[in-house]
Amino acid sequence: NYARTPTPTAQDGQYGAHFWLNTAGPETFSANGYGGQWTLIVPELDLVVVRLGHSREEQKPAVAEFVSSIVDLFRLPRRGQAVETARSGAHSSVPW
């Protein structure tokens, strides 16, 4: 829980104990490194996503979108239940 607690000086509570908070939805946290390296932790899904690679600074938003889209693949809804994707906030209903 210490890693998920925002630091007192963090803008909008986005950073805590060397981790960025809520990067791929609520209750997620990540360590973001040089050149687009990411370690993203999603406790509710028992999921850790690691992205190794080198990307230029202008590619940073696309890398963040890519990592969030991986998490969205694991957020499978039950039949007829709506699901909210982390990257868009959009809702969709799955009929199966």
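These legends describe close-up views of a predicted model.

**View 1. The whole chain holds 1 helix and 7 strands.** Along the sequence, the elements follow the pattern β-β-β-β-β-α-β-β. The protein has 96 residues, and 30% of them count as buried. About 6,700 Å² is exposed, with carbon and sulfur atoms supplying 55% of that area. Among contacts with a separation of 6 or more, 18% link residues 24 or more positions apart.

**View 2. An open sheet is built from 5 strands.** The strand order is β1-β2-β3-β4-β5, with antiparallel pairing. Strands β1 (15-16) and β5 lie at the edges, and each pairs on one side only. β1 and β2 are joined by 2 bridges and run antiparallel. Here Gly16 has Phe19 of β2 as its bridge partner.

**View 3. Ser30 of β3 has a bridge partner in Trp20 and stands opposite Leu40 in β4.** Strands β2 (residues 19-21) and β3 (residues 29-32) are antiparallel and share 2 bridges. β3 and β4 also pair in the antiparallel sense, over 4 bridges.

**View 4. A hairpin connects β3 and β4.** Between the two strands are 5 residues. Gly35 sits in the turn and has a positive phi of about 70 degrees.

**View 5. The largest nonpolar core has 9 residues.** Its members are Ala24, Trp38, Leu40, Val42, Leu47, Val49, Val63, Val67 and Val71. β4 (38-42), β5 and α1 each give two or more residues to this core. Leu40, the residue opposite Ser30, is one of the core members.

**View 6. Val67 is a member of the core and contacts residues elsewhere in the sequence.** Neighbours within four places in sequence are left aside here. The remaining contacts of Val67 are Trp38, Leu40, Val49 and Arg51. Trp38, Leu40 and Val49 are also listed in the largest nonpolar core.

**View 7. Val48, Val50 and Leu52 form a nonpolar surface patch.** Together, these residues have about 320 Å² of accessible area. Leu47 and Val49, by contrast, belong to the nonpolar core. In a regular strand, side chains alternate between the two faces of the sheet.

**View 8. Leu52 lies in the loop between β5 (47-51) and α1 (60-74).** Leu52 counts as exposed because its relative accessibility is 68%, and the cut-off for exposed is over 50%. Leu52 shares the surface patch with Val48 and Val50.

Terms used: Residues numbered from 1 in each chain as written. Predicted model: local features only at pLDDT ≥ 70, side-chain atom pairs only at ≥ 80, totals over all residues. Heavy atoms only, no water. Patch = residues over 30% accessible without salt bridge, like charges linked within 9 Å, V, L, I, M, F, W, Y side chains within 5 Å. Areas by Shrake-Rupley, 256 points an atom, 1.4 Å probe, with all protein chains shown as cover. Salt bridge = Lys/Arg side-chain N within 4 Å of Asp/Glu carboxyl O. Buried < 20%, exposed > 50% of the residue type's maximum accessible area, 1.4 Å probe, protein only. Core = buried A, V, L, I, M, F, W, Y, C linked by side-chain atoms within 4.5 Å. Contact = heavy atoms within 4.5 Å. Pairing = 2+ DSSP bridges.
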